[in-house]
Amino acid sequence: MAQLVFADFPIGRRFDFPSRTLSAEEIVAFAGEFDPQPMHVDEAAGRASILGGLSASGWHTSAIMMRMLCDSYIDRTAAEGSPGVDSMEWRKPVLAGDTLSGHVTVTEARLSRSRPEIGIVRFVAEVTNQRGETVAVCDYANMIRVEAEETVHAPG
């Protein structure tokens, strides 16, 4: 498959995420190392919390979203990293047994003023559960390499 470059990211382009079901074991393993709060490592504590069951850490949900981004477009893109994330929202709990999917959409694309061989592409990623409920939303940018002819012809 050809590598995607800046010109391949017009405003409105959408990439769908592959789905992934989270097991209780992987929720506990991630939380045990990175976010060992009771609702993330113990089923009874999760049920007793406002989350209603053993729930993935928001950071775990973010890490899964990052994998979905890589699988949907980043791994086949001339990506040069990211200048940052403007917002990351965890809107609903992700519980053991939930199946996540979603999509990412291009919201802005422009050439870098200081490095015209790099395009700055803004995205909004949305992760949903099996009921179609939005569980996470992220607004961020990627730096994506520009092909030589784009640098000459692209609008500033």
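This report walks through a predicted model of one protein, from its overall build to a few individual residues.

## Overall build

Let's start with the secondary structure. The protein contains 5 helices and 6 strands. Reading from the N terminus, the order of these elements is β-β-α-α-α-α-β-β-β-β-α. In other words, two strands come at the start, four helices follow, then four strands, and a helix ends the series.

As for dimensions, the C-alpha trace covers about 60 × 25 × 25 Å along its principal axes. If you look at contacts between residues at least 6 apart in sequence, 69% of them link residues at least 24 apart.

## Confidence in the model

The mean pLDDT of the protein is 94, and 93% of the residues reach a score of at least 70. One stretch deserves some care: residues 151–156 have a pLDDT below 50. Apart from near neighbours in sequence, that stretch makes 5 contacts in the model. Where pLDDT is low, the predicted coordinates should not be read in detail.

## Surface and charge

Of the 156 residues in the protein, 40% are buried. The accessible surface amounts to about 8,200 Å², and carbon and sulfur atoms account for 53% of that area.

On the charge side, you will find 14 positive and 22 negative side chains. The centres of these two sets are 3 Å apart.

## The cysteines

If you are wondering about disulfides, the structure has 0 of them. Cys70 takes part in none, and the nearest cysteine sulfur to it, that of Cys138, lies 13 Å away.

Why is Cys138 not bonded to Cys70? The closest cysteine sulfur to that of Cys138 is the one in Cys70, and at 13 Å it is too far for a bond, because a disulfide calls for two cysteine sulfur atoms within 2.5 Å. Cys138 is also a buried residue, with a relative accessible area of 3%.

## A look at Thr61

Thr61 sits in helix H4, which covers residues 58–72. Is Thr61 buried or exposed? Its relative accessibility is 4%, so Thr61 counts as buried, the cut-off for that label being under 20%.

Which residues does Thr61 touch, once its neighbours within four places in sequence are set aside? Thr61 is in contact with Ala56, Val94 and Ala136. With the structure open in front of you, these three residues are a handy place to look around the buried Thr61.

Methods
Residues numbered from 1 in each chain as written. Predicted model: local features only at pLDDT ≥ 70, side-chain atom pairs only at ≥ 80, totals over all residues. Heavy atoms only, no water. Buried < 20%, exposed > 50% of the residue type's maximum accessible area, 1.4 Å probe, protein only. Contact = heavy atoms within 4.5 Å. Areas by Shrake-Rupley, 256 points an atom, 1.4 Å probe, with all protein chains shown as cover. Lys, Arg positive; Asp, Glu negative; His and termini not counted. Charge placed at Lys NZ, Arg CZ, Asp CG, Glu CD. pLDDT = per-residue confidence, 0-100.
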